[in-house]
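Welcome! Let us walk through this structure together, one part at a time.

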Amino acid sequence: TLRADYVPAEHVVTPGYTLCWAARWQGQKQIMFDSVHQSSAKAMTKRVHGLLNEADAVVTYNGKRYDDGVLRKDFLLQRFNPPAPYHQIDLYQTAKQFNFISRKLNFIAKQLDLGEKVKHRGMDLWTDCMAGKDAAWKEMEKYNKQDVVLLEGAYDILRPWIKGHPNVALYTEDT
């Protein structure tokens, strides 16, 4: 979101857009990844839209405040209907109830002994990806996939603390 006192909308050359995403179904080994480098923007957006349509619940970190709005904007601009309703589990919201000195995913993951985010070159990584540089895209994919690993580990540990967590018995079959 732009704030008029910093960057007026008329000064923006290209509005923000989704470069890529990574996801994994809970309990599965494969981490899915797609990007505007691998696919067209529409195909990439359609794929993440399809995953959200299938999901009963989606775990994110600060997704309610950021990712959800960005994806909704992309869906609207690509003329997709809203995905089917799903329960949104935002671990950032859960982390707020603890007195950690930082609520960043990397800090929380380290505190929980889950590892850490992939170190990267900062904003240069994003600009190199936007410029289509293959090496940058390999780095971005690695970065995104590690975030999924950390997020799932944090979810497993934080789950008892999540307020309003859906009853998973409703979504699993008895064997």
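Does Asp113 count as buried or exposed? At 72% relative accessibility, Asp113 counts as exposed, because the cut-off for that class is over 50%. Keep this residue in mind, for we will come back to it after a look at the whole chain. Please also remember that what you see is a predicted model.

Let us begin with the overall layout. The protein chain holds six helices and four strands. Read from the N terminus, its elements follow the order β-β-α-β-α-β-α-α-α-α. The radius of gyration of the chain is 17 Å, close to the 16 Å that the globule rule gives for 175 residues, so the chain is as compact as a globular protein of that length. If you picture a box laid along the principal axes, the C-alpha atoms fill one of roughly 50 × 40 × 35 Å. Of the 175 residues, 34% count as buried.

Now for some single residues, beginning with buried ones. Phe33 has its place in strand 2, which covers residues 32-35. With 6% relative accessibility, Phe33 counts as buried, because the cut-off is under 20%. Its C-alpha atom lies 9.4 Å from that of Val48, and the two residues are 15 apart in sequence. Further along the chain, Ala154 belongs to helix 6. Ala154 is buried too, with a relative accessible area of 1%. Between Ala154 and Tyr92 there are 10 Å in space, C-alpha to C-alpha, while in sequence they are 62 residues apart.

Next come the loops, where we meet Asp113 again. This residue lies in the loop between helix 4 and helix 5 (123-130). Its phi is near 60°, a positive value in a residue other than glycine. Why is that worth a second look? Most residues other than glycine have a negative phi. Arg79 is another residue with a positive phi, about 65°, although it is not a glycine. Arg79 is found in the loop between helix 2 (63-77) and strand 4, and it is exposed, with a relative accessible area of 68%. Back in the loop between helix 4 and helix 5, you can also find Leu114. Leu114 is partly exposed, with a relative accessible area of 26%. Leu114 and Glu152 are 38 residues apart in sequence, and their C-alpha atoms are 9.7 Å apart in space.

The aromatic rings deserve a visit of their own. How many aromatic pairs does a search of the whole structure find? The search finds six. One of them joins Phe75 and Phe80: the ring centres are 6.4 Å apart and the planes stand at 80°, so this pair is edge-to-face. Both Phe75 and Phe80 are buried. Phe80 has a further partner, since the charged end of Lys42 sits over its ring, 5.8 Å from the centre.

Phe98 and Trp161 make another of these pairs. Their ring centres are 5.1 Å apart and their planes are at 75°, so this pair is edge-to-face as well. Where do the two residues sit along the chain? Phe98 lies in the loop between helix 3 and helix 4 (105-111), and Trp161 in the segment after helix 6 (134-158), so the pair ties together parts that are 63 residues apart in sequence. Trp161 is partly exposed, with a relative accessible area of 49%. Phe98 and Trp161 also belong to one aromatic cluster, together with Phe100 and Phe107.

Our last stop is the second largest pocket. About 170 Å³ of space lies in it. Which residues line this pocket? They are Lys64, His87, Gln88, Ile89, Asp90, Gln93, Thr94, Gln97, Ile162 and Lys163. Strand 4 (87-90) and helix 3 (91-95) each supply at least two residues of the lining. Strand 4 gives the largest share, four residues. By type, the lining divides into two nonpolar, five polar and three charged residues.

Note on methods. Residues numbered from 1 in each chain as written. Predicted model: local features only at pLDDT ≥ 70, side-chain atom pairs only at ≥ 80, totals over all residues. Heavy atoms only, no water. 1 Å grid on protein atoms, 1.4 Å probe; cavity = no way out; pocket = protein on both sides within 12 Å on 5 of 7 lines; lining within 4 Å. Points joined across faces, edges and corners; volume = space filled by probe spheres on them. Nonpolar A, V, L, I, M, F, W, Y, C, P; charged D, E, K, R; others polar. Phe/Tyr/Trp six-rings, centres within 6.5 Å; stacked < 30°, edge-to-face > 60°. Buried < 20%, exposed > 50% of the residue type's maximum accessible area, 1.4 Å probe, protein only. Lys NZ or Arg CZ within 6 Å of the ring centre and 35° of its normal. Rg over C-alpha atoms; globule rule 2.2 N^0.38 Å.
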